[in-house]
Amino acid sequence: MREPWRSWRRSRPAWLALIALAIATLMASSLLTPTAAAARGGRGDVDRMASQDLATGLDAKDLKGWAAAQRSADAERRAESAGKSSSEKRTSKQIRRSEAAGPMPRRAPRAPLPGQAKTLVLYDNAGPFGHLGELYAMGVANLGGRFGTVTAKPVQEYTPALMETYDATVYIGSTYYSDTLPDAVPQDFYLDTLLSERPVIWMGGNIWNMANSISIQEFEFRYGWDPTSSYYDNGSGIGQVTKVNYKGQTLTRKMPFGQDAGVLRPKISTNPGAAPVTEIATAVDTTGGGAATFPWGLRSGNLTYLGEIPFTFVSESDRIIAFHDLLFDALAPQTAEQHRAMVRLEDITPLSDATRLRAIADYLKSQNIPYGINVIPVYNDPKGVQSNGVPRTVRLSQRPGLVSTIKYMLANGAVLMDHGYTHQYSNVNNPYNGLSADDFEFFRAHEETPNGAVIYDGPVTEDSDAWAQGRVTAALAEFARVGLPKPRLWTTPHYAASATDYKVFARNFEARLERSLYFAGTLTGTPVDSSRYLGQFFPYPVTDVYGTKVLPENMGSYEPVGHNNNPPRLEADLINNAKANLAVRDGFASFYYHPYHDVAPLKKVVEGIVALGYTFVSPESLL
C-alpha cells in the first residue's frame, strides 16, 4: 500500500494542500517504471514511501492566510493592551445571567461509566476561515468516539447550562475574534465555564475574550493566569516551537514556513489569591538554537487549556499525542495504564510470494504474535505494465498454493482482512500505472510534474452506493470461492474513499483498520464537499463520525528506501514512534509491514516495541 499522505506536503494545486494531522501522516513519491516494477518480481504490490504527514484538503492559501490573520490580530490585541492602563485592563464587569434563563443547575461531576461518556464539541464557523472549524471538530469528535457519544455544534448555538448535560466540553477556538470580527461565542458559554465543575478543554483562541467577559479578576481567581496579557508571540515573533514535552516524552512539532500561527504563551498570575496552575505540557522554543520553554498546556479548576489547535501538520510522534491522552482525564479518568501493539501484513495479492509469506508467518508464530493479513483478492494489470503490454488479471482462485499459505497463516495467529477488490481503478493511471496495490481504487488522484507529488482529485466518476457495494461484493465472493472466511475487517486502499464509500464499508464489515478521510458537510448535514477534508489516524479504537468503528494504525510502515525527498523509515523510526505513544495511557503502537521485505527488519521492530512494554494483540480482539 502506498499511503495517501506523504507527498502532499510538497507542491500541490492551490485548492488542495497538506496540513499535515495525523496523525500521524503518510504518502509517496517517485513512480517506478515498468522495468523497475518487473525487477520486483512482477508482484504488483510495489509500495511507495509511507509518510509522516496528514492531509486536510485545505487550500494552502487558507492555511497561510489563517495563520497570518491570527498573528496580525494578536499583534493588534497586544498593541491595544499596551495602550491601556493597568486599571483599565482590570475593570470588573458584573457577572449576571439573564433572569429569563434562571439559575444554572450544578451537579458535582462523576466519572462516566466506561464507554458511556457524553462529550460536547463546540467549534467556530465565523469569518473567512470559518470552514476550518468543522474539520477540527470532526477530529475531536472522532477521538471522543473512543469514550462514548459526541455532539458537535457551532459555538454560537450554545445555550445556558448546556454543558451541565455532558460529561465534558471541548471548545476549538479557530476563529480569532477581534475588533474587526465580533465575538460569536455566547457570553453564557463563558459564564457557564467559570461556574461549572464539569471539565472544559479549550484549545486555541478567544480565551482572552472569556476573561474580559467575566472580568480578569474572576478569571485569575478561578484559573490562576491572565489570558488578556498572554500572546502568541514573545514580543519579537512567535518563535520556533519544535517540541512539546509531555509525560516524560518529547513530542515533535513541525510547521511549514509561513503556516505557523504560534502557541499562546500564558502569563501566570502572581496576584494573591489566584488559583494554582498545573503545567501539563511544555512547549520548547528552539529559536536560534536555544531551548526556551513555556506552558503548552495548563490546568486549573475545571479548565484545561492548550495554546494551539494541535490538528495541523501532525506525525506519528507529534504533540497531538498529548491531546490523545488528555481526553482520558476528562472522559475516562479511571482508565488503567496499558500499551498494546498490532501489526498487519500489507498488500498480499494473487502474485505475492507464498514462500516469503510462510517465513514471516513462522516467525510471528514463534513469538506468539497475532497479526492481520490484508489481502487483495484480484490482481489487475489492465495496461500490461508487467506483461509487455498484454493486460493481465489473476484471481486468488487461480493460485491454490498461495491460498493454502493464507489458510496456514489463519491457522497460526493471523486474521483475514479485506484490502479492496483490486486496489486499482480502471485502465488509467490513478495516479501511477493502473497496477493493483500501486493505485487508488475508490478515489481519483494524479501525479504532479515534475516532482511526482500526489494530488487528490476526488471520488471516482461512477462513485455511488451501488458501485462501491459492487466492488465489496465481488471481493467477498472471491474469498468465498477459495474457501476463506468472510473478513470482519476492512482497510481502504491507500486510505482514501468518499463519504458514500465509507458508509458501504460500514455495512459490510465490523470495523476498518486504517487512517481515513472526513469531509466537510459531515457534521452540518450539508452536501459533502470532497475538496475539503480532514485526514486522521487514531491511537486507540474509536467510533468515528460515520458511525463506524475504526482500529488504530498510528505507526506507518517500514520503508528502507526514500523516494522524492521522503526519507527512509527504518526500524528505529518505528520504535521511536512507539516510544512517543507511550504517553497515551491506553494507547497502541500499530504498524504494517510488506511481506516482500525480509523477516529481519520485522523482527527488529517487533522486539523493539515489545521491549518498550507493549503487548501484541489480534485486530479481531478489538471487535
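Let's start with one pair of side chains: Arg512 makes a salt bridge with Asp544, and the closest N and O atoms are 2.8 Å apart. Arg512 sits in strand β22, residues 511–513, while Asp544 sits in the loop between β25 (542–543) and β26 (549–551), so the pair ties together parts that are 32 residues apart in sequence. Keep in mind that this is a predicted model.

Arg512 has a second partner. That partner is Glu514, again through a salt bridge, with 2.5 Å between the closest N and O atoms. Are these three residues buried or exposed? Arg512 is buried, at a relative accessible area of 1%. Glu514 counts as buried too, at 0% relative accessibility. Asp544 comes in at 6%, and that also counts as buried. The cut-off for buried is under 20% relative accessible area.

Now step back to the whole chain. We have 623 residues, and 61% of them count as buried. The chain has 14 helices and 29 strands. The exposed area is about 21,600 Å². Carbon and sulfur atoms supply 52% of that area. The salt bridge count comes to 27.

Another of those charged pairs is Arg319 with Glu308. Their side chains meet in a salt bridge at 3.0 Å, N to O. Both residues lie in the loop between β13 and α8, eleven residues apart. Arg319 is buried, with a relative accessible area of 0%. Glu308 counts as buried as well, at 5% relative accessibility.

There is also a network. Lys247, Arg299, Asp325, Asp329 and Arg585 are linked by salt bridges. As background, side chains of opposite charge can pair when their charged atoms come close. Hold on to Arg299, please. We'll meet that residue again in the sheet.

On to the sheet, then. Which strands build it, and in what order? Nine strands form an open sheet, and the order is β4-β3-β5-β6-β13-β12-β11-β8-β9. The pairing is mixed. The edge strands are β4, residues 148–154, and β9, residues 249–252, and each of them pairs on one side only. On average, neighbouring strands here are turned by 20 degrees against each other, direction ignored.

Look at one pairing inside this sheet. Strand β12, residues 292–300, pairs with strand β13, residues 303–306. The sense is antiparallel, over four bridges. Here is Arg299 again: Arg299 stands opposite Thr304 in β13. In general, strands of a sheet pair through backbone hydrogen bonds, either parallel or antiparallel.

What lies across the sheet? Helix α8, residues 320–331, lies across a set of strands that includes β3, β5, β6, β8 and β9. Strands β11, β12 and β13 belong to that set too. The helix runs at about 155 degrees to β6.

Let's zoom in on one residue of that helix. Ile321 lies in α8. Ile321 is buried, with a relative accessible area of 1%. Which residues does Ile321 contact, leaving aside its neighbours within four places in sequence? The contacts are Leu251, Glu316, Ala580, Asn581, Ala583 and Val584. Take Val584. Along the chain, Ile321 and Val584 are 263 residues apart, yet 6.8 Å separates their C-alpha atoms.

Next, a separate strand pair. Strand β7, residues 225–231, is joined to strand β10, residues 265–268, by three bridges. The two run antiparallel. Asp226 stands opposite Lys267 in β10. Why do we call β7 largely enclosed by the rest of the structure? Because seven of the seven residues of β7 are buried.

Last stop: two helices. Helix α6 covers residues 207–214, and helix α7 covers residues 216–223. They pack at an angle of about 115 degrees, with their axes 6 Å apart. That makes α6 roughly perpendicular to α7. Which side chains should you look up there? From α6, the residues are Ile207, Met210, Ala211, Asn212 and Ile214. They meet Ile216, Glu218, Phe219 and Tyr223 in α7.

To close, back to where we began. Arg512 forms one salt bridge with Asp544, and another with Glu514. Arg512 itself is buried. That's the tour. Thanks for listening.

Technical notes:
Residues numbered from 1 in each chain as written. Predicted model: local features only at pLDDT ≥ 70, side-chain atom pairs only at ≥ 80, totals over all residues. Heavy atoms only, no water. Pairing = 2+ DSSP bridges. Axes fitted to C-alpha atoms, helices over the stretch in contact; angles between N-to-C directions. Contact = heavy atoms within 4.5 Å. Buried < 20%, exposed > 50% of the residue type's maximum accessible area, 1.4 Å probe, protein only. Areas by Shrake-Rupley, 256 points an atom, 1.4 Å probe, with all protein chains shown as cover. Salt bridge = Lys/Arg side-chain N within 4 Å of Asp/Glu carboxyl O. Parallel < 35°, antiparallel > 145°, perpendicular 65-115°, else oblique.
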